[in-house]
Amino acid sequence: VYANPITMFFMGYTFQELQSIDFLDLVHPDDRPAIIQRYSNRMTGKDLPNRLVCRVIRKNGGIYWVESRTVIIEWEGKSATLSVLSNITDRVEADEKRAYEQAIDGMLVGVSQRINRGGELDEIIGDLLAHSGETLKVSRAYLMELNEDREKVQNIHEWCAEGVVPYHKKTEGQSIEELPHLKDVLDNRKTLIIEDNEDTSKLSGDERRISIDSKMSALILVPLILDDIAYGFIAYEVIGGKRVWNMMEQIAVRSISNNITRLMERRRAKKYLTESKDFLEAIILTMSDGLSIVNNRGEYQYINPAMTRITGYTLEEVVGEHPENPHPYWPNDQEEYLIQMFLRTMEGNLDSFEAICLRKDAKRFPVLVSPWWIYDDEGNPKTYCAIVRDITEIKRAEEALRASEKKFRTIFESSRDGIY
């Protein structure tokens, strides 16, 4: 029944237009149920706060936040409400921006914590995409890697908001040559930003088809860089409508990319360590010389198959908390000598030395022992290792050579002819 000039200016309607419009039509649809309930409660005399925050729709379609302070009055003999509206759009948007920025900060902390917590790689990536996708309020978040030749897309992880159909798994195995725009972005390690359908119209071929089929209207894509080469990318896309990616969002996505790269570096290091371990294990298992490993208390921790072949003793017979004989293949008469050699190595002398070994069948044979120590982080001897080589054949050859030399020396010295 009344509106002052500033109300008409703010809403964009004349007073006559306002008189013909239902008040609820001026309220944002999402806020109408609360307004109806509040009006009903007030008109029935319930005591309510006189302050209400809601959104209103201007004549030009603009949406503004307002604060309404309402009291019950009497107007021409009837109960009515008197409302004072204040435009608080700037304040609400500032509060929302602050809350959103805090949510992004919290999300980035959570990403780092999730990576540090460890677990299966696929599970970690899935958690990161879900957490970041929800925080950034996008329709899809996905990560794709390139194969070793960087020719095809593989190992796709995809998260979708509620009600959004997954799409990008369909592009598994797609040739990167068929995606020239993406290839250029990855080759030059650039960030790809698409903010509306006008930007997507610049795409062509398979890239255009993918954007249409996935219903993507906005996108931010950041390469994953390892050793200065893009091995994949992480992307966030929006379905329907324009999305302006602000600087904080761009920095956040790059930070997530860096965290995922750190995760991939761990995976590569783990793979390298596994391969190195397998390689070293293969060497140890197939080497012709024996290998024995003893802790600093003199207890055997390991012997390789060659050591078993040389001595006849199995791993189970020499390793354990209380083996029947802690040093079964060293003769008793060698004990003092071996202790001297052991102490010598602790002093830093790692020269090889000869010793006598005792087979399980009680046969003695000569060996060449090449020792070394493994030290702990503080530089203290931790593990004693030794390569043990059976030199029986070498000794026999040396003995045969000495016998041959003696034989020929006797012949030469007893000869009646001059020999020189």
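This briefing covers two sheets, the helices that pack on them, and the cysteines. The model is predicted. One open sheet of five strands has the order 5-4-8-7-6. Another open sheet, also built from five strands, has the order 10-9-13-12-11. The disulfide count is zero.

**Sheet 5-4-8-7-6**

- Pairing in this five-stranded open sheet is antiparallel.
- Its edges are strand 5, residues 153-160, and strand 6, residues 192-194.
- Each of these edge strands pairs on one side only.
- Neighbouring strands in this sheet are turned by 15° against each other on average, with direction ignored.
- Strand 7 covers residues 216-226, and strand 8 covers residues 229-239.
- These two strands run antiparallel and are joined by 10 bridges.
- Look for Leu 219: its bridge partner is Glu 237 in strand 8.

**Helix 9 on that sheet**

- Helix 9 spans residues 247-286.
- The helix lies across strand 4 (140-146), strand 5, strand 6, strand 7 and strand 8.
- Its course is at about 40° to strand 7.

**Sheet 10-9-13-12-11**

- Here too the five strands form an open sheet with antiparallel pairing.
- Strand 10 (300-303) and strand 11 (353-358) are the edge strands.
- Both edge strands pair on one side only.
- From one strand to the next, the twist averages 30°.
- Strand 12 takes in residues 364-375 and runs antiparallel to strand 11.
- Six bridges connect strand 11 with strand 12.
- Across from Phe 353 stands Val 369, in strand 12.

**Helix 12 on that sheet**

- Helix 12 is formed by residues 335-346 and packs on the sheet.
- The strands that helix 12 touches are strand 11, strand 12 and strand 13 (381-390).
- The direction of helix 12 makes about 135° with that of strand 11.

**Cysteines**

- No disulfides are counted in the model.
- Cys 54 has 6% relative accessibility, so it counts as buried, the cut-off being under 20%.
- Cys 357 is in no disulfide.
- The cysteine sulfur nearest to that of Cys 357 belongs to Cys 385, 17 Å away.
- A disulfide would need the two sulfur atoms within 2.5 Å.
- Cys 357 is buried because its relative accessible area is 0%.

Note on methods: Residues numbered from 1 in each chain as written. Predicted model: local features only at pLDDT ≥ 70, side-chain atom pairs only at ≥ 80, totals over all residues. Heavy atoms only, no water. Pairing = 2+ DSSP bridges. Helix = DSSP H or I, 4+ residues; strand = E, 2+ residues; numbered from the N terminus. Axes fitted to C-alpha atoms, helices over the stretch in contact; angles between N-to-C directions. Contact = heavy atoms within 4.5 Å. Buried < 20%, exposed > 50% of the residue type's maximum accessible area, 1.4 Å probe, protein only.
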